[in-house]
Amino acid sequence: MSYNLLKGKRGIIFGALDANSIAWKTAERVHEEGGTFVLTNAPVAMRMGQINELAEKTGSQIIPADATSIEDLENLVSQAVEILGGKLDFVLHSIGMSINVRKGNHYTDQNYAWTQKGTDVSAMSFHKVMQTLYKQDAMNEWGSIVALTYMAAQRVFPDYNDMADNKAYLESIARSFGYFFGRDKNVRVNTISQSPTPTTAGSGVKGFDGFIAYAEKMSPLGNATALDCANYTVSLFSDLTKRVTLQNLYNDGGFSNMGVSDAVMATFIE
Ligand SMILES: NC(=O)c1ccc[n+]([C@@H]2O[C@H](COP(=O)([O-])OP(=O)(O)OC[C@H]3O[C@@H](n4cnc5c(N)ncnc54)[C@H](O)[C@@H]3O)[C@@H](O)[C@H]2O)c1
C-alpha cells in the first residue's frame, strides 16, 4: 500500500546489488511512496548488471561510486543534485563487507590489511558520504540520512567477526556526525539495527541459517524482513519522524530486549 509519504522528495540509495538486497526493497518502496532518487553501487557490483533492472523499474539513473573514494562521492553527490533538480531529502547507506568474513579468517586471526579495508567500506564510508553531503551543502533542511547496522555492535555474536567492530564504529559516526548535521542543517541521522536477513552480505556470515532460525524463535514478532526494513526506512525519510535523530533504532521483532523465549526454552526441556 502506498501513502505518498515521500512525494516530491529526492535522494540517493546506496547498496542495491540484487532483488534480495535491503536497498533494493527500499528503492522499490521509496518509488511507490513518490520519492525520486539516484541509485549507486561500487563499480565492481555494477558489472553484475542487475541494478539496471531496478533503475528501469523505478525510473532512476545509476551513478557508480566506490563509497571509500572521496572523488567518486563528490562526483556522485553533485551529479545527483543536478539530475534530480535540487538538493536531497534522503540518503540510504546500505553497505557492508568484511574480507576476513569472506575468506574465513577467525576473529582471533585477522589479516589487518583486510580488517582496515572492511572498516573503510563498512563504517568510514558513512563518514565520507556525510562529509561530502555536508561540504557540498547538498541536503535540504529536515532531510534524513539512514545507515543499516546489526546488534553485534552491542552484544557478542562470535561469527559476525570484525563486522561487529565496524558496526559499532558506524553507529558512533551516526551520532557524532548527526550532531553537526542537526545543529547546522536541521538534518537527522539514524541507524536501523535490522534482524538477520537472507541477502548476499548476510549469507556470508558463518552458520547464518541456524542463526536466522534462532533469532526467529527468540523474537516475539519474528524476524524483520528486508521489506519491513524498507518500510521502516520510508517512515524515517518521511516528515512524520522529523525530530528523531542520533538514534540506533531496532527493527528486529523484539529480539534485542529478549532474554529467552518459550520456543527456545522448549529445546532444552525434556
Ligand atoms: N543481511 C543481514 O542479515 C543484515 C542485518 C543487519 C544489517 N545489515 C546491513 O544491511 C546493509 C545492506 O546489506 P544487505 O544485507 O542488503 O546485503 P547486500 O550484499 O545486498 O548489500 C551490501 C552492498 O554493499 C555494497 N558495497 C560493498 N562494497 C562497496 C563499496 N566499496 N562501495 C559501495 N558499495 C559497496 C555491495 O555492492 C552491496 O550492494 C549492510 O550494511 C549490512 O551490514 C544486514
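1. Start with Ala67, in this predicted model: one of its backbone N or O atoms lies 3.0 Å from a nitrogen atom of the ligand. Taken alone, the ligand would expose 830 Å², and the protein buries 92% of that.

2. Two further polar contacts are worth a look while you are there. Asp66 brings a polar side-chain atom to 3.0 Å from a nitrogen atom of the ligand. Ile22 takes part through its backbone, with a polar atom 2.9 Å from an oxygen atom of the ligand.

3. Now step back to the whole shell. How many residues surround the ligand? The count is 27, and the closest are Ser21, Asn41, Lys167, Thr197 and Thr199. By character, the shell divides into 13 nonpolar, 12 polar and 2 charged residues.

4. Which elements should you highlight around the ligand? Strand E5 (139–149) and helix H8 (200–203) each give the shell at least two residues. H8 provides the largest share, with 3 residues.

5. If you browse the pockets, you will find that the ligand takes up the space of the largest one.

6. Finally, the chain as a whole. You can trace 11 helices and 7 strands along the chain. Its C-alpha atoms fill a box of roughly 65 × 45 × 40 Å along the principal axes. The radius of gyration is 18 Å, which agrees with a compact globule, because a globule of 270 residues would have a value near 18 Å.

Methods:
Residues numbered from 1 in each chain as written. Predicted model: local features only at pLDDT ≥ 70, side-chain atom pairs only at ≥ 80, totals over all residues. Heavy atoms only, no water. Near = heavy atom within 4 Å. Polar contact = N/O pair within 3.5 Å; in protein donor to acceptor, adjacent residues only side chain to side chain. Areas by Shrake-Rupley, 256 points an atom, 1.4 Å probe, with all protein chains shown as cover. 1 Å grid on protein atoms, 1.4 Å probe; cavity = no way out; pocket = protein on both sides within 12 Å on 5 of 7 lines; lining within 4 Å. Sits in = over half its atoms within 2 Å of the grid points. Helix = DSSP H or I, 4+ residues; strand = E, 2+ residues; numbered from the N terminus. Nonpolar A, V, L, I, M, F, W, Y, C, P; charged D, E, K, R; others polar. Rg over C-alpha atoms; globule rule 2.2 N^0.38 Å.
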